[in-house]
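I opened this entry to record what surrounds the ligand in this model. The points below follow the order in which I looked them up.

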Amino acid sequence: MTFPRPARRVLVAAASLTALLAAAACGGGGSSTPAGSSAPGVDFSKQGDTELWTGKDTSGNLKNVVAAFNAQHPAGKVIIHELPDNADQQRAQMIQNTQIKNPKMGILSTDVVWTSEFAAKGILVPLPADQFPTDGFLKPTVDSATYFNKVYAYPQSSDGGLLYYRKDLLDKYSLQPPTTFDEMKADCTKIKAGENNPKLECFAGQYNKYEGLTVNFAEAVNGAGGVIVGDDGKPNVNTPEAIKGLSTLADWFKDGTIPKGAITWQEEQGRIAFQAGNLIFHRNWGYVYNLAAKTDGSSKIVGKYAVAPLPGIAGPGVSSLGGHNQGIATNAENKGTAADFIKYFCSEEVMKANVIATSSSATREGIYSDPAVIKKFPYMPIQLKSIETAKPRPKAVEYGDVTLAIQDAAYGALQGQTQPDAAMASLQTKLQTLIK
Ligand code: GLC
């Protein structure tokens, strides 16, 4: 999606511009919009039907939550507008419908990586702070929804990467869950030699050319001790650590530790392979836990898997912070209904029930230690730690260009078309023009 040239700047620059414009609009007299308040003049009371724009609901429970809300909210109904499961396509459709000022697009379930971008570009309106308190939410989730002291979306669900593994196989060969990639590969060699099952593959995450690749690339780089953007806010990928992260994945594709077909996999393809019993190790998000436990015949590994923290390349693994926030579209006609739904969905009670039904990752901290949640999902403490120690992906107004540059660089190297060091040198140059 291309936006006018002046929008191509880092958040800081865009925000200073916004601040300047706000001050000018107030006559420059110093009484600009106070931090934490919503956009002046926005009507958050208008009721009526409104659409919830969201990625494909793999959990199957969203329709139940929406139906329960609608049953108790006669002033306006929420209608699910389901988008593809590919994150980049969801983003593109939300941007396009902002450009045509679609009044029906009410609630946007935005990926954590777009919330700032959507705030900077005026796609979302800031939420009224008095109606959307953020206490009780995990700090990284609130940070992901905050743009220059204003909360633009309410944290709906978080995500931290997990290593799913075949506990039955690890137990059979007296192995502990690996903490490094080297250990993981050694475990695979042992298990594959013993199992003699040609369909059984070692490991896979998400490597198709889309947002999931950015997630997995970032985890490889961070897990090798590198960074994409340093503490000084500057890109720094042309380093031995970042190159090591990428070349480890590229080598694993080359030697078959990652199956060749995984170059087209998103979350769902990996989940299906793991559930079919064809993967020993699998990197994915929390939602897989519940689906892989289903006894309707869709999973061949019921009772045979467990989760562990992500392994790293040069030490412990580092997850990329994932998740979604619910915001209100600037052009939404019925913002009152949208606001009521967001409050409902993100309430402690509804969120907890949804976590129990789906193994999604809560944004409210208390839910992780709730006895009913732990009883069904004993791995929740590992999930919480993954989120708390996760690294956010780069924040940029032109996030779409940033993630595309990362995907181009990583994809070429994983396909064996470019060398990891050349890929990182050219990515560094690109990122320097996008993130200043
Ligand atoms: C999950 C995460 C999201 C991430 C996406 C990548 O939906 O919650 O943050 O961008 O996966 O595929």
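**Ligand surroundings**

I began with the shell in this predicted model. I listed the residues around the ligand as D111, D159, Y210, E211, G212, E267, W285, G322, G323, H324 and R393. Sorting this shell by class, I noted five charged, four polar and two nonpolar residues.

**Polar contacts**

I next looked up side-chain atoms that approach oxygen atoms of the ligand. For D111, I found a polar side-chain atom 2.6 Å from a ligand oxygen. For E267, the corresponding entry is a polar side-chain atom at 2.7 Å from an oxygen atom of the ligand. For W285, I noted 3.1 Å between an N or O atom of the side chain and an oxygen atom of the ligand.

**Burial and cavity**

I then asked what share of the ligand's exposed area the protein buries. The ligand taken alone exposes 310 Å², and the protein buries 90% of that. I also recorded that the space taken by the ligand is the largest cavity.

**Contributing elements**

I checked which elements give two or more residues to the shell, and noted helix 8 (211–223) and strand 12 (322–329). Strand 12 gives the most, with three residues.

**Domains**

My last query was where the ligand lies with respect to domain 1 and domain 2. Domain 1 comprises 13–159 + 322–388, and domain 2 comprises 162–320 + 399–434. Both domains give residues to the shell around the ligand, so I recorded the ligand as lying between them.

Key
Residues are numbered from 1 along each chain as its sequence is written. This is a predicted model: local features need pLDDT of at least 70, side-chain atom pairs count only at pLDDT 80 or more; totals for chains, interfaces and linings use all residues. Side-chain values use heavy atoms; hydrogens and water are left out. A residue is near a molecule or strand if one of its heavy atoms lies within 4 Å of it. A polar contact is a pair of N or O atoms within 3.5 Å; within protein, one must be able to donate a hydrogen and the other to accept it, and residues adjacent in sequence count only if both atoms are side-chain atoms. Accessible areas come from the Shrake-Rupley method with a 1.4 Å probe; for residues, only the protein chains shown count as cover. On a 1 Å grid over the protein atoms alone, a cavity is a set of points where a 1.4 Å probe fits but cannot get out, and a pocket is an open set with protein on both sides within 12 Å along at least five of seven lines; lining residues have an atom within 4 Å of a point. A molecule sits in a cavity or pocket if more than half of its atoms lie within 2 Å of its grid points. Helices (H or I, at least four residues) and strands (E, at least two) are DSSP runs, numbered from the N terminus. Ala, Val, Leu, Ile, Met, Phe, Trp, Tyr, Cys and Pro count as nonpolar, Asp, Glu, Lys and Arg as charged, and the others, Gly among them, as polar. Domain bounds come from an automatic or database domain assignment.
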